[in-house]
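User: Could you take a close look at one strand for me and walk me through its surroundings? I would like to see how that part sits among its neighbours.

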Amino acid sequence: RSKFFQTVQEIWEDSVVHTYDVGEEGQEFVPHEPSYIPEGYEEVRRIETEKTVFIEYINENNNYIYWNQRMVEDEDWRVTNLEYKEQFVREVDDKILVVSVYEDDSIQIYWEVEKYIYFIIANDIEIAEAEKIISSIH
């Protein structure tokens, strides 16, 4: 699956600003959310708009998983924190994932598919568990 936009990355000392250039406007947003969430987590908050879905999951220890899908529009942007201890690229189900691991062992996983950007932010799951979440998206 190819993406329908271009990403320009502007790198600063402690962050990257992603700016998007979309060829087509006015497409319909189709939400995709995971069918798998690790045991013990439950949905506590959901925000849906015409162009995005954000879901927050929490477990009994107050560990979190944030799920976000956004449809990209012209001049859309997002900022990624560069103060990670490790970053690498991994492929899962034909998706190219940028995985950032921070000093507190929280993770952020970012990827782009078709007209959407996705990311998962979590503070207490293994990367393999996050990959299961990503694989369950339909």
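Analyst:
**A close look at strand 5**

Strand 5 and strand 10 (residues 116-122) run antiparallel and are joined by seven bridges. Within this pairing, Tyr66 stands opposite Ile121 of strand 10. A quick word on the basis: this is a predicted model, in which local features need pLDDT of at least 70 and side-chain atom pairs count only at pLDDT 80 or more, while totals for chains, interfaces and linings use all residues. Residues are numbered from 1 along each chain as its sequence is written, and side-chain values use heavy atoms, with hydrogens and water left out.

Strands here are DSSP runs of E of at least two residues, numbered from the N terminus, and two of them pair if DSSP finds at least two bridges between them. As general background, strands of a sheet pair through backbone hydrogen bonds, either parallel or antiparallel.

Strand 5 also pairs with strand 4 (residues 52-58), again in the antiparallel sense and over seven bridges. Here Val53 faces Gln69 of strand 5. Five residues lie between the two strands of this hairpin, where Asn62 takes a positive phi near 65 degrees.

How enclosed is strand 5? Six of the eight residues of strand 5 (residues 64-71) are buried, so this strand is largely enclosed by the rest of the structure. Buried means under 20% relative accessible area, exposed over 50%, and partly exposed in between (1.4 Å probe, protein chains only).

Now for the wider setting. Strand 5 belongs to an open sheet of seven strands in the order 3-4-5-10-9-8-7, with antiparallel pairing. Its edges are strand 3 (42-48) and strand 7 (86-92), each of which pairs on one side only. From one strand to the next, the twist averages 15 degrees (axes are lines fitted to C-alpha atoms, and angles run from 0 to 180 degrees between N-to-C directions). Towards the strand 7 edge, strand 7 and strand 8 (residues 95-101) pair in the antiparallel sense over seven bridges, and Arg90 stands opposite Leu97 of strand 8.

Strand 4, a neighbour of strand 5, also takes part in a salt bridge, meaning a side-chain nitrogen of Lys or Arg within 4 Å of a carboxyl oxygen of Asp or Glu. Glu56 meets Arg45 this way, with the closest N and O atoms 2.9 Å apart. This pair links distant parts of the chain, with Glu56 in strand 4 and Arg45 in strand 3, 11 residues apart. Glu56 is buried, because its relative accessible area is 11%, whereas Arg45 counts as partly exposed at 38%.
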